[in-house]
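Grab a pencil and open the viewer. Here are some exercises to work through, each with a solution you can check against the picture.

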Amino acid sequence: MPGAIVQLILFLGVTGFGIYLFAKAMYHRYLYVKLGQPVDWGGQIGERLKDFAVQVFGQTKLLKDKKSGIMHIVIFYGFIILQFGALDIIVKGLSGHGLPLPGYEAFGLIQEITVAAILIAMGYAAYRRYGEKLKRLKRGWKPSLVVYFIFSLMVSVFLTLAFDRIREGLESSGMAPISSVLASAFGWVSLGAAAVLYHVFWWAHLLILLAFLVYVPQSKHFHLITAPLNILLKRREPAGRLRKLDLEDEEAESFGLSKIEDLTQKQMLDLYACVECGRCTNVCPASGTGKMLSPMHMIVKLRDHLTEKGAAVTSKSPWVPAFAFSGSSVHEMNADGHELGAWNGSGITDIGPTMNAQKHSWVTTGKKPQEMELVGDVMTEEEIWSCTTCRNCEDQCPVANEHVDKIVDLRRHLVLMQGSMPHDGQRAMQNIERQGNPWGISRNDRAKWVQEIDPEGELSVPTVKENPEFDILFFVGSMGSYDNRSRKITRSLVRLMNEANVNFAILGNEEKNSGDTPRRLGNEFLFQQLCEENSKIFRKYGVRKIVTACPHTYNTLKNEYPEFGLEAEVLHHTELLDELVRTGKLTPRHEVNERITYHDSCYLGRYNNVYDQPRNVLKAIPGVELVEMTRSRENGMCCGAGGGMMWMEETAGKRVNLARTEQALEVNPTVISSACPYCLTMMEDGTKMKEAEETVKTRDIAEILEESVFGAKAPAPFQTVS
């Protein structure tokens, strides 16, 4: 009896101390997150709980990689089941009796099967990291520490159960298969020694469990707590919508992200939710083509900086027990000697060079955290300007992290506060500001395309003044108005709308740039100016419905203008064409005998979930053989033009559009189709770089449908109007 009391006292002391250390580490990180800007956490509880259930308990995002997804499901549900087993072991060690459960033997069998399943899953996890050597996974003692924790925890369970059977003199049982085998293997041990070994492994199990508990908030495994919370509290706005800046706030010291405290508390929660799985970097077009940007490393670097600066500001150490981490260091980005120049990867895409450069560039420094600059010391300008804002990283992230908003906020600080932007992007901004288009062509020539695509006046392209009773405003956009290749798409769409008797009109020279490019490049001031001017024109003419052929314009008008007062339905031209074909207003009657692969525009697909409509149109065309690329739909790779990159040159690695074109050519198409003028331009340039332009054509969905509706005879060529 005295021994049992001593054991209970020790148990309460050790457990209490472990829980105290855990709570202390949690509280300190809570204080760091509180340094961020407050956000509105409330609203849409039902939708939040639904997403929470699907993603946390359904593990849907993890199953995007089926192998590691199934492995994680085994571990996730295994640990839930084993909590009851751990409680049973603890209670039995303290009282001598297990939990009073009906069907106790069946309970024990489930526990043993679960422990075995977790051991197998962890073995596979180790194989993925060190056998397959997946490039997205870090290697070393630190990333592998959890493997040791879980493996030793599971072994301690089996050995505790085995020596318990020996000391109680239990016979082998099919309801306890593994512990029975182990007990038989140690059958030579005396009852006294078995009792001692039982208590040794009972305490080992408890200490490992508590050590793991204390370790969790101090490591990437903090995601066990923060990831479910992050999913529950994720933004409910349209995907990728950027935060509106109050540019008239006279009390604002700066705009954009200049210091870690400028992040919102939700953005800081993102940092602690990251599990460093590398899925984001694995699909990033910049990482895969030899640029310095790695979404995973961006989150990790911001997290490290938040922890280091949070500790300095609050005087609360992030590490417990603090004496074990007296040499805590501060990190900074130093890419000297690890710059990425010419493409040195293997295959179509390869994240290896970027992973290696990031690993060796995040080094310790003698600086104080308060002296660190986010741009320069934590994130380099090279990284910030490499992002195409495609959101493939966010689509893949199993913990609902958002990467793009942080990059755009960093750009906003550079542009609005420092006046810093790559020269090519700066020139495009100046042209948009002066003439309303990135080329600097006269704003008075915006409607010139009407005459040039239809010199004989055969098509009906009325302005809003000529047709004030229009149903749909055709927002042509800068590409559709000025770019010669994109004008062909404009002509095809106009012919199809005429054929279907769509009552539409255009703004003509009153139309202005939508502002997508300025906003993604960080020039929020110019975006808001364009947004206000366009919205004023929409109200002037009573616009109720808009169609556009540009996904970037479509996303901006549909998801970002409403925050500034726009009240209108916005359609992409593939949505309109799908509806017109489905309702019989357009009939694809002529065969188009082509093997077509469709490239998904990021701003149409991942931003707005428009995947089926363009494919429906292609499937409705007789003669078309539709083939999918390996990376398609939600996992389609960016063409390289998003985020303002259309107007800037790539200075490192391989061109993104070349990599995407190579992926398209893998399926041996005769046509690469798209539904975005940016994408079409990039894919067309890619076929030229691969010297495949003679055998593989690049065409918009509208152009292909036009051929099927009207026949292969091409309309009259453009004529330049002086």
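**Exercise 1.** Work out in which sense strand β9 pairs with β10, and over how many bridges.

*Solution.* Remember as you go that you're looking at a predicted model.
- Step 1: Find β9 at residues 671-674, then β10 at 697-700.
- Step 2: Check the direction: the two strands pair in the parallel sense.
- Step 3: Count the bridges, and you get four.
- Step 4: Pick out one residue pair: Val-671 has Lys-697 in β10 as its bridge partner.

**Exercise 2.** Put the strands of this open sheet in order, and explain why β8 and β10 each have one side without a neighbour in the sheet.

*Solution.*
- Step 1: A bit of background first: strands in a sheet are held in pairs by backbone hydrogen bonds, in a parallel or an antiparallel way.
- Step 2: Read across the four strands here and you find β8-β7-β9-β10, with parallel pairing.
- Step 3: Look at the edges, where β8 (625-627) and β10 stand; each has a single partner strand, so one side is left without a neighbour in the sheet.
- Step 4: Now for the twist: going from one strand to the next, it averages 35 degrees.

**Exercise 3.** Find the strands that helix α26 lies across, and give its angle to β7.

*Solution.*
- Step 1: Locate α26 at residues 612-619.
- Step 2: See what is beneath your cursor: the helix lies across β7 (595-598), β8 and β9.
- Step 3: Compare directions: α26 runs at about 175 degrees to β7.

**Exercise 4.** Describe the largest cavity: what is its volume, and which helix gives the most to its lining?

*Solution.*
- Step 1: Search the whole structure, and five cavities of 30 Å³ or more turn up.
- Step 2: The largest has a volume of about 210 Å³.
- Step 3: Its lining has 23 residues, and those nearest the centre are Gly-477, Ser-478, Met-479, Cys-550 and Thr-553.
- Step 4: Several helices supply at least two lining residues each, among them α21 (484-499) and α28 (677-689). The most comes from α20, with four.
- Step 5: Sort the lining by class: 11 nonpolar, 10 polar and two charged residues.

**Exercise 5.** Do the same job for the second largest cavity, starting with its volume.

*Solution.*
- Step 1: The volume is about 110 Å³.
- Step 2: There are 16 lining residues, with Cys-284, Leu-293, Pro-295, Cys-387 and Cys-393 nearest the centre.
- Step 3: Helices α11 (285-288), α12 (295-314) and α17 (404-418) each supply at least two of the lining residues.
- Step 4: By class, this lining splits into 11 nonpolar, four polar and one charged.

How values were computed
Residues numbered from 1 in each chain as written. Predicted model: local features only at pLDDT ≥ 70, side-chain atom pairs only at ≥ 80, totals over all residues. Heavy atoms only, no water. Pairing = 2+ DSSP bridges. Axes fitted to C-alpha atoms, helices over the stretch in contact; angles between N-to-C directions. Contact = heavy atoms within 4.5 Å. 1 Å grid on protein atoms, 1.4 Å probe; cavity = no way out; pocket = protein on both sides within 12 Å on 5 of 7 lines; lining within 4 Å. Points joined across faces, edges and corners; volume = space filled by probe spheres on them. Nonpolar A, V, L, I, M, F, W, Y, C, P; charged D, E, K, R; others polar.
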